[in-house]
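Here's a quick tour of one small part of a fold and how it sits in the rest. Take a look at the model first.

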Amino acid sequence: MAAVTVYTTDPCSFCARVKQLLDTRGITFDEINLAKDPDGRAELLQRTGMMSFPQVLVGGELVGGFQETLAADRSGLLQDLLVKAAA
C-alpha cells in the first residue's frame, strides 16, 4: 500500500490534475475512485470529514484537494510529509 491515497471521481478535472502532479513528481499513490467504489464515500467522510474531490492523504494526514496539494508541493510540505510517512 502506498503512503499516498487519492480519492477521486469521474469526471473530475481537478482529480486528473492532482494525479498528473503526483505522477510528474514520481509519487506512487493508491487511487480510490468513488464512481467505481461507492463504499469509499463513507471511508472518505470518516477519514477527512469531507465529500469534495479530489482529496489527497499522505501517511493518513489530509493534504486536501488539488490547490492544497499544489501549494504543498511548491512549499516543500508535500516532500516533508512523504519523508515522514516513509519513516
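Which residue in S4 is the bridge partner of Val 58? That's Glu 61. This is a predicted model, so to speak: local features need pLDDT of at least 70, side-chain atom pairs count only at pLDDT 80 or more, and totals for chains, interfaces and linings use all residues. Residues are numbered from 1 along each chain as its sequence is written, and side-chain values use heavy atoms, with hydrogens and water left out.

S3 and S4 run antiparallel, joined by 3 bridges (strands pair if DSSP finds at least two bridges between them). They make a hairpin with 2 residues in between, and Gly 59 in the turn has a positive phi of about 60 degrees.

Val 58 also belongs to the largest nonpolar core, which has 16 residues. A core here is a set of buried Ala, Val, Leu, Ile, Met, Phe, Trp, Tyr and Cys residues joined through side-chain atoms within 4.5 Å, buried being under 20% relative accessible area with a 1.4 Å probe, protein chains only. These elements each give that core two or more residues (DSSP runs: helices, H or I, at least four residues; strands, E, at least two):

| Element | Residues |
|---|---|
| strand S1 | 4–8 |
| helix H1 | 13–24 |
| strand S3 | 55–58 |
| helix H3 | 66–75 |
| helix H4 | 77–86 |

Apart from it lies another core of 5 residues, including Tyr 7 and Ile 32.

Zooming out, the chain reads β-α-β-α-β-β-α-α, and buried residues make up 41% of its 87 residues.

Note on methods: Buried < 20%, exposed > 50% of the residue type's maximum accessible area, 1.4 Å probe, protein only.
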